[in-house]
Each structure stands twice: as C-alpha cells, then as structure tokens.
Amino acid sequence: MIEIKDVYKKYENSSYPALDHINLTINDGELITVLGTSGCGKTTLIKAINKLHDIDSGEIIIDHKNINDVDGVALRRTIGYVIQQVGLFPHMTIAENIATIPELLKWEKDRINKRVDELLEMIDLPKEYKNRYPRELSGGQQQRVGLVRALAADPHIVLLDEPFGAIDAITREHLQDELIRIHKNGNKIFIFVTHDLNEAFKLGDKVIIMDKGRVEQFDTPDHIKAHPATPFVKKLLGVAYD
Ligand SMILES: Nc1ncnc2c1ncn2[C@@H]1O[C@H](COP(=O)(O)OP(=O)(O)OP(=O)(O)O)[C@@H](O)[C@H]1O
C-alpha cells in the first residue's frame with residue numbers, strides 16, 4: 001500500500017509547484033494510471049515514490065514505512081521502474097539485462113536463469129533471444145524486455161513512465177493488453193504515467209488526473225466520465241468525447 005500525504009515539491013526557478021499538496025492512497029493490487037498534460041508533475045510524482053527526487057514536505061509511506069527512513073538505492077531495488085527510453089544496457093545481452101536486479105540481489109545462478117526463461121515466455125520472446133543484444137530487437141520487443149526487466153525480482157510496486165510512448169498504435173495496443181494480463185497475475189501495484197486519455201482509461205482501475213501539480217480527480221474511469229470533478233477534467237474529457 002502506498003500513502004501519499006500532503007506532498008509538496010517546487011523546483012527552483014519554477015513559477016508553480018510540481019507537486020502541490022498531493023494526497024493519495026493506493027491499495028495493493030491496483031493498476032493506477034496518471035494522466036495529465038505536459039509538465040503537470042506526473043514524472044515528479046513517480047520519481048518521488050522511488051526517491052529519485054526528494055520532496056520539500058509531506059510524507060510518502062510504503063507498506064507502513066516512511067520512505068524518508070529508507071535508503072534510496074535499497075528502495076529502488078524493491079520497486080520496478082520502466083521508462084519510455086527503455087534504458088536497456090546496450091553492451092549487455094537480453095538475459096543479462098533482465099537479470100540486472102536479481103544479480104544485484106545476489107540470487108543463485110540457477111534461480112536467475114529460470115526467472116529469465118519464465119519472463120521471456122511471459123512476453124512471447126523465443127529463448128534464443130536471450131543472447132541477443134538490444135539493438136538486434138525491434139522497438140516493441142525492447143519495450144517488452146524493459147517491462148519484464150522491471151518485474152524480474154518480483155517487486156511489489158512497479159512504476160511505468162510513458163513506457164509505450166514511442167511505439168506504433170498496433171504494437172501499443174498489444175502491449176497494453178499484455179500489461180493488463182501481467183498485472184492480473186500478481187497482487188502488485190502498477191502506477192502507469194501517460195498523457196493519452198484512452199490509454200489511461202483503458203488500463204487504469206483508477207485514474208489520477210493532474211494539472212499544474214494538483215490532483216484534479218482520482219477515481220475509476222466510469223466515475224470520472226459520469227462525474228467529472230473540475231472544469232479541467234470536463235475539458236479533458238470534452239476534447240476526447242465530444
Ligand atoms: N529537474 C528539474 N528542474 C527544474 N524544474 C523541473 C525539473 N523537472 C521538472 N521540472 C518542472 O516541474 C514541472 C513538472 O515536471 P514533470 O516532469 O513532473 O511533468 P510531467 O507531467 O511528467 O511532464 P511530461 O509529460 O512533459 O513529461 C514542470 O513545470 C517542469 O518544467
């Protein structure tokens with residue numbers, strides 16, 4: 001469970017806060033999407049959760065522990081993280097890429113090999129891809145590897161920052177379905193950032209709608225559509241549904 005209590009952050013030289021007194025509770029097993037226009041604070045929010053960014057005030061509590069009291073590096077080994085640029089290590093094979101966190105956690109070789117095979121199967125990549133390098137895979141395949149790399153050590157929480165942003169519409173739809181399937185098979189929290197309304201509403205059990213560092217609405221897609229809470233949300237829906 002993640003509790004975000006009155007979290008505030010303002011970058012120097014910024015005219016408005018990136019996170020303006022945010023309050024959210026995210027329960028185990030929820031797939032949450034974060035939707036908002038460019039610069040509204042989506043990335044800052046998820047980087048605050050894995051301590052890549054510090055916050056000015058407020059509290060972030062993960063599984064009843066304030067992350068202030070947890071070392072950032074140790075925390076990030078327990079939280080999956082997927083970014084748009086994929087970030088696979090180019091000089092490492094697919095198997096080595098997927099094994100990064102299990103290696104850091106000093107898992108036994110056999111356990112790592114088994115896990116790599118299991119994850120490749122999960123994303124329908126043939127076993128022989130294990131020894132390929134990222135450049136020998138298509139963009140969509142690399143994105144899939146980026147996704148399962150984040151799942152390798154079976155983290156309880158996975159943060160995904162516009163992971164399908166640079167992918168064509170058909171592959172993207174396929175990856176969205178895959179993500180839903182993978183999420184269904186575990187009691188994990190996925191927090192998925194996107195600026196695409198259809199993607200946010202398709203994937204999210206609940207959607208966080210942000211504007212200028214504020215949460216405008218946090219609710220299920222159906223409830224948001226039926227009862228948009230603010231003029232901003234109405235406008236956002238209007239653009240897509242009118
Ligand atoms: N390192 C930084 N230094 C100063 N200002 C920053 C920094 N990172 C982000 N900001 C500012 O904070 C605000 C929120 O940025 P953030 O990256 O969280 O937005 P975002 O919603 O993820 O945007 P996008 O969809 O464009 O990635 C923006 O106004 C941005 O310019």
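**Exercise 1. Determine whether Glu162 is buried, partly exposed or exposed, and describe its backbone.**

Glu162 is partly exposed, since 19 other C-beta atoms lie within 10 Å, where a residue is called buried if 20 or more other C-beta atoms, placed from the backbone, lie within 10 Å of its own, exposed if 12 or fewer, and partly exposed in between. The model is a predicted one, in which local features need pLDDT of at least 70 and side-chain atom pairs count only at pLDDT 80 or more, while totals for chains, interfaces and linings use all residues. Residues are numbered from 1 along each chain as its sequence is written.

As a next step, place Glu162 in the loop between E7 and helix H7 (169-184), with helices (H or I, at least four residues) and strands (E, at least two) taken as DSSP runs numbered from the N terminus. Finally, note that Glu162 has a positive phi of about 45° although it is not a glycine. Most residues other than glycine have a negative phi.

**Exercise 2. Find where Asp154 sits, and state its phi.**

Asp154 belongs to the loop between helix H6 (139-151) and strand E7 (157-161). Its phi is positive, about 55°, although Asp154 is not a glycine. Asp154 is exposed, with 12 other C-beta atoms within 10 Å.

**Exercise 3. Describe how domain 1 and domain 2 meet.**

Begin with the bounds, which come from an automatic or database domain assignment: domain 1 covers 1-78 + 156-210 + 219-242, and domain 2 covers 86-154. Their C-alpha centres lie 25 Å apart. The contact (C-beta atoms, placed from the backbone, within 7 Å) takes 10 residues from domain 1 and 13 residues from domain 2. On the side of domain 1 that touches domain 2, H7 gives the most, with 4 residues. The residues of that side divide into 7 nonpolar, 1 polar and 2 charged, where Ala, Val, Leu, Ile, Met, Phe, Trp, Tyr, Cys and Pro count as nonpolar, Asp, Glu, Lys and Arg as charged, and the others, Gly among them, as polar.

**Exercise 4. Identify the residues with the most contacts inside the largest nonpolar core, and locate this core relative to the domains.**

A nonpolar core is a set of buried Ala, Val, Leu, Ile, Met, Phe, Trp, Tyr and Cys residues joined through C-beta atoms within 7 Å. The largest has 60 residues, and Leu159, Ile191 and Ile208 have the most contacts inside it. Because domain 1 and domain 2 both give residues to this core, it lies between them. Leaving aside neighbours within four places in sequence, Ile191 is in contact with Ile32, Val34, Ile46, Leu159 and Leu160.

How values were computed
Two residues are in contact if their C-beta atoms, placed from the backbone, lie within 7 Å.
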